[in-house]
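Work through the exercises below with the structure open. Try each task before reading its solution.

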Amino acid sequence: MANDPFGTAINCIDGRAQRPVADWVATNGQVTYVDMVTEPGADGLLAQGPSARVNQIRQAVEVSVNAHHSHILAIAGHYGCAAHAVSDDEHKRSIRQAAQLVAGWGLPVRVVGLWVNAGWQVEVITDIAHP
């Protein structure tokens, strides 16, 4: 297992969004395992704070990146989110903001922003390569 590749996803706790995001990260990131960091309305939380909760997410992500050597990190938002109950366009703005924030953490990962639409299909909103 030590050599198996990992990815990481920051996702909502909503179970409907878990599998599509994990499958997308595994396939497109070419990884075997996907560490999930979940929070209600994770995209909105990262975009709007509060900073203490954002820092908790960052700590969990750092464990994944440092211990599992994750090389791709997805931030996901989804249709019908109860915790971040905004329009699809606002979700997509939150995903972009969250991806920029996370990319600014300076971790050695590719950061992707994902939207899980009403058909539970994954759409790429942003893709930030690690320099």
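## Exercise 1: An aromatic pair

Phe 6 has a relative accessible area of 6% and is buried. The model is predicted.

**Task.** Find the ring partner of Phe 6, then classify the geometry of the pair.

**Solution.**
- Step 1. Count the aromatic pairs: the structure holds 1.
- Step 2. Take the two rings. Those of Phe 6 and Tyr 33 have centres 5.2 Å apart and planes at 35°. Stacked needs planes under 30 degrees apart, and edge-to-face needs over 60. The pair is therefore tilted.
- Step 3. Place both residues. Phe 6 lies in strand β1 (residues 6-11) and Tyr 33 in strand β2 (residues 33-38), so the pair ties together parts that are 27 residues apart in sequence.
- Step 4. Check the exposure of the partner. Tyr 33 has 33% relative accessibility and counts as partly exposed.

## Exercise 2: Two cysteines

**Task.** Decide which state fits Cys 12: in a disulfide or in no disulfide.

**Solution.**
- Step 1. Recall the bond. A disulfide covalently joins the sulfur atoms of two cysteines.
- Step 2. Search the whole structure. The result is 0 disulfides.
- Step 3. Look at the distance. The nearest cysteine sulfur to Cys 12 belongs to Cys 81, 3.9 Å away. The cut-off is 2.5 Å. Cys 12 is in no disulfide.
- Step 4. Turn the view around. For Cys 81, the nearest cysteine sulfur is that of Cys 12, and Cys 81 is in no disulfide either.
- Step 5. Add burial. Cys 12 is buried at 4% relative accessible area. Cys 81 counts as buried at 6% relative accessibility.

## Exercise 3: The surroundings of β4

**Task.** Describe how β4 is paired with β3 and with β5. Then explain why β4 counts as largely enclosed.

**Solution.**
- Step 1. Start with β3 (residues 72-78). Strands β3 and β4 pair in the parallel sense over 7 bridges. One bridge joins Ile 72 to Arg 110 in β4.
- Step 2. Follow the chain between them. The path runs from β3 through helix α4 (residues 88-103) to β4, a right-handed β-α-β crossover.
- Step 3. Go to the other partner. β4 and β5 (residues 122-128) pair in the antiparallel sense over 6 bridges. Trp 115 stands opposite Glu 123 in β5.
- Step 4. Inspect the hairpin of β4 and β5. It has 5 residues between the strands, and Trp 120 takes a positive phi near 60°.
- Step 5. Count burial. In β4, 6 of the 7 residues are buried, so the strand is largely enclosed by the rest of the structure.
- Step 6. Zoom in on Val 116, which belongs to β4 (residues 110-116). Val 116 is buried at 0% relative accessibility. Beyond its sequence neighbours up to four places away, its contacts include Pro 20, Val 21, His 78 and Val 122.

## Exercise 4: The cores

**Task.** Which element gives the most residues to the largest nonpolar core?

**Solution.**
- Step 1. Size the core. The largest has 19 residues; among those with the most contacts inside it are Ile 10, Ile 75 and Trp 105.
- Step 2. List the elements that give two or more residues: α2 (42-48), α3 (51-68), β3 and α4.
- Step 3. Pick the leading element. α3 gives the most, with 4 residues.
- Step 4. Check Trp 105. Leaving out residues up to four places away in sequence, Trp 105 touches Leu 46, Val 54, Ile 57, Arg 58 and Val 61.
- Step 5. Separate the second core. This one has 11 residues, including Val 31, Ile 72, Leu 114 and Val 116.

Technical notes. Residues are numbered from 1 along each chain as its sequence is written. This is a predicted model: local features need pLDDT of at least 70, side-chain atom pairs count only at pLDDT 80 or more; totals for chains, interfaces and linings use all residues. Side-chain values use heavy atoms; hydrogens and water are left out. Buried means under 20% relative accessible area, exposed over 50%, partly exposed in between (1.4 Å probe, protein chains only). Contact means heavy atoms within 4.5 Å. Two strands pair if DSSP finds at least two bridges between them. A crossover is right-handed if, with the strands pointing away from the viewer, the path from the first strand over the helix to the second runs clockwise. Rings of Phe, Tyr and Trp (its six-membered ring) pair if their centres lie within 6.5 Å; planes under 30 degrees apart count as stacked, over 60 as edge-to-face and the rest as tilted. A nonpolar core is a set of buried Ala, Val, Leu, Ile, Met, Phe, Trp, Tyr and Cys residues joined through side-chain atoms within 4.5 Å.
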